[in-house]
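Thanks for making time. I will go through one model this morning, starting with its pocket lining and moving on to the rings and the loops.

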Amino acid sequence: MREALQQTLTELGMSDSSNEPKPIYCHDCGNEREQIQIKHPFKDEMRWVPIVCPCVLRKQEEFKREQEFIRKRTKINRALKLSSSMEDIKSMTFENFKMRKGSESTLEEIKDAVERFEDRKKLGVFIFGETGNGKSHLTASGGNALVEKGHAVIFITEKDLLSRLTATKNYNNTESFNEIMSACLEADLLIWDDFMSSQRLTNEEKDWIFQIINGRERANKPIWATSNLTPEEFESDTTAYKLDDKGRTWWRLMANMNCIYNRATNYRKTIAMSRALGVTVDEYDERNK
């Protein structure tokens with residue numbers, strides 16, 4: 001046993017005596033390797049051993065960074081593949097967002113959620129308000145900013161999510177149930193657009209929604225959700241019980257959310273009405289203050 005250990009130590013470069021050894025040079029860069037004295041594991045004496053050359057450590061760190069980059073990029077691409085309407089989503093930024101009265105607190109919350117993403121952990125955002133008032137644009141802008149920082153983000157509408165999970169029952173479907181569910185659970189951020197938009201949910205769909213919300217809470221990962229709920233609907237117990245008869249899914253989600261009422265009006269309606277009346281968007285907004 002001792003002979004085998006001694007052989008291993010010799011192969012690792014430990015000197016045969018306590019005398020200062022001859023210089024040892026790095027096989028990669030050719031520079032002399034630093035040597036230090038350590039206590040022999042089973043002899044009462046000090047021995048010289050060479051330490052790893054800095055160039056070798058740098059190469060190891062570079063390899064680790066490359067592997068981490070590949071892992072992250074694979075995760076990001078997987079998340080983007082699952083996302084809905086990617087061509088529309090990826091063009092949305094904070095810079096091209098049309099700021100309108102009532103969106104101030106929503107914009108501030110999303111920017112904070114981006115800047116403090118790691119610190120906030122599972123704390124998400126729930127934005128509710130009138131349809132077409134910029135909720136999706138702001139969450140997509142924040143999601144795109146996080147993708148640029150190297151995070152895996154899924155942006156998906158509730159209808160698309162449930163339809164794709166249902167479609168996995170078809171034997172020739174290209175996506176598996178586990179593939180979709182795993183992506184929703186493992187992504188750094190899940191942006192759930194049009195949450196609670198389904199008029200009728202089957203028991204199976206309710207179970208899927210609970211699995212995702214519960215799974216992300218346990219994994220300490222956030223959800224950003226948008227919804228067209230009115231303030232009255234948001235406060236109503238009827239809304240909470242829509243996901244299950246005890247309200248557990250709703251309150252599990254709300255406990256991990258900063259809830260924001262986006263008071264801005266429907267921008268799509270504003271555009272349509274301004275065209276119909278032959279006025280600018282700003283003129284229409286001014287008329288309806």
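The lining of the largest pocket breaks down into six nonpolar residues, 13 polar and seven charged. Glycine is counted with the polar group here. Keep in mind that this is a predicted model. The volume of that largest pocket comes to about 490 Å³. There are 26 lining residues, and the closest to the centre of the pocket are Gly-132, Gly-134, Ser-136, His-137 and Arg-268. As for secondary structure, the elements that contribute two or more residues to this lining are helix H3 (86-89), helix H6 (135-148), S4 and helix H13 (267-277).

S4 is worth following up. How many of the five residues of strand S4 are buried? Four of them are, so the strand, residues 153-157, is largely enclosed by the rest of the structure. S4 pairs with S5 in the parallel sense, over five bridges. To place the two strands on your screen, find Val-153, which stands opposite Leu-189 in S5.

Next, the rings. The structure holds 10 aromatic pairs. Take Phe-126 and Phe-195: the ring centres are 6.2 Å apart and the planes are at 90°, so this pair is edge-to-face. The two residues come from distant parts of the chain, with Phe-126 in strand S3 (residues 124-129) and Phe-195 in the loop between S5 and H9, a separation of 69 residues. Buried or exposed? Phe-126 is buried, at 0% relative accessibility, and Phe-195 is buried too, with a relative accessible area of 1%.

Phe-195 has another partner, Trp-192. That pair is also edge-to-face, at 5.1 Å centre to centre and 90° between the planes. Trp-192 counts as buried because its relative accessibility is 1%, and the cut-off for buried is under 20%. These residues belong to one aromatic cluster, made up of Phe-126, Phe-128, Trp-192, Phe-195, Phe-234, Trp-250, Trp-251 and Tyr-261.

Rings also meet charges in this model. The charged end of Arg-248 sits over the ring of Phe-210, 4.1 Å from the ring centre. Lys-111 lies over the face of Phe-94, and there the distance to the ring centre is 5.5 Å.

Now some backbone. Most residues other than glycine have a negative phi. Which way does phi go at Asp-194, positive or negative? Asp-194 has a positive phi of about 60°, although it is not a glycine. This residue is in the loop between strand S5 (189-193) and helix H9 (203-218). Asp-194 is partly exposed, with a relative accessible area of 29%. Its C-alpha atom is separated from that of Lys-159 by 7.9 Å, and the two residues are 35 apart along the chain.

Asn-220 also has a positive phi without being a glycine, in this case near 65°. Asn-220 is found in the loop between H9 and strand S6 (223-227). The relative accessible area of Asn-220 is 37%, so it falls in the partly exposed class.

On the other side of S6 is Asn-228, in the loop between S6 and helix H10 (231-235). Asn-228 counts as partly exposed, at 37% relative accessibility. What separates Asn-228 and Asn-133 in sequence and in space? They are 95 residues apart in sequence and 9.6 Å apart in space, C-alpha to C-alpha.

The last residue for today is Asp-282, in helix H14 (residues 281-287). Asp-282 is exposed, because its relative accessible area of 52% is over the 50% cut-off. Asp-282 and Ile-271 are 11 residues apart in sequence, and their C-alpha atoms are 9.7 Å apart in space.

To recap, the largest pocket has a lining of six nonpolar, 13 polar and seven charged residues. Strand S4 gives two or more residues to that lining and pairs with S5 in the parallel sense. Phe-195, in the loop between S5 and H9, forms an edge-to-face pair with Trp-192. Asp-194 lies in that loop and has a positive phi of about 60°. I will stop there and take questions.

How values were computed: Residues are numbered from 1 along each chain as its sequence is written. This is a predicted model: local features need pLDDT of at least 70, side-chain atom pairs count only at pLDDT 80 or more; totals for chains, interfaces and linings use all residues. Side-chain values use heavy atoms; hydrogens and water are left out. Helices (H or I, at least four residues) and strands (E, at least two) are DSSP runs, numbered from the N terminus. Buried means under 20% relative accessible area, exposed over 50%, partly exposed in between (1.4 Å probe, protein chains only). Two strands pair if DSSP finds at least two bridges between them. Rings of Phe, Tyr and Trp (its six-membered ring) pair if their centres lie within 6.5 Å; planes under 30 degrees apart count as stacked, over 60 as edge-to-face and the rest as tilted. A charge sits over a ring if NZ of Lys or CZ of Arg is within 6 Å of the ring centre and within 35 degrees of the ring normal. On a 1 Å grid over the protein atoms alone, a cavity is a set of points where a 1.4 Å probe fits but cannot get out, and a pocket is an open set with protein on both sides within 12 Å along at least five of seven lines; lining residues have an atom within 4 Å of a point. Grid points are joined across faces, edges and corners, and a volume is the space filled by probe spheres set on the points.
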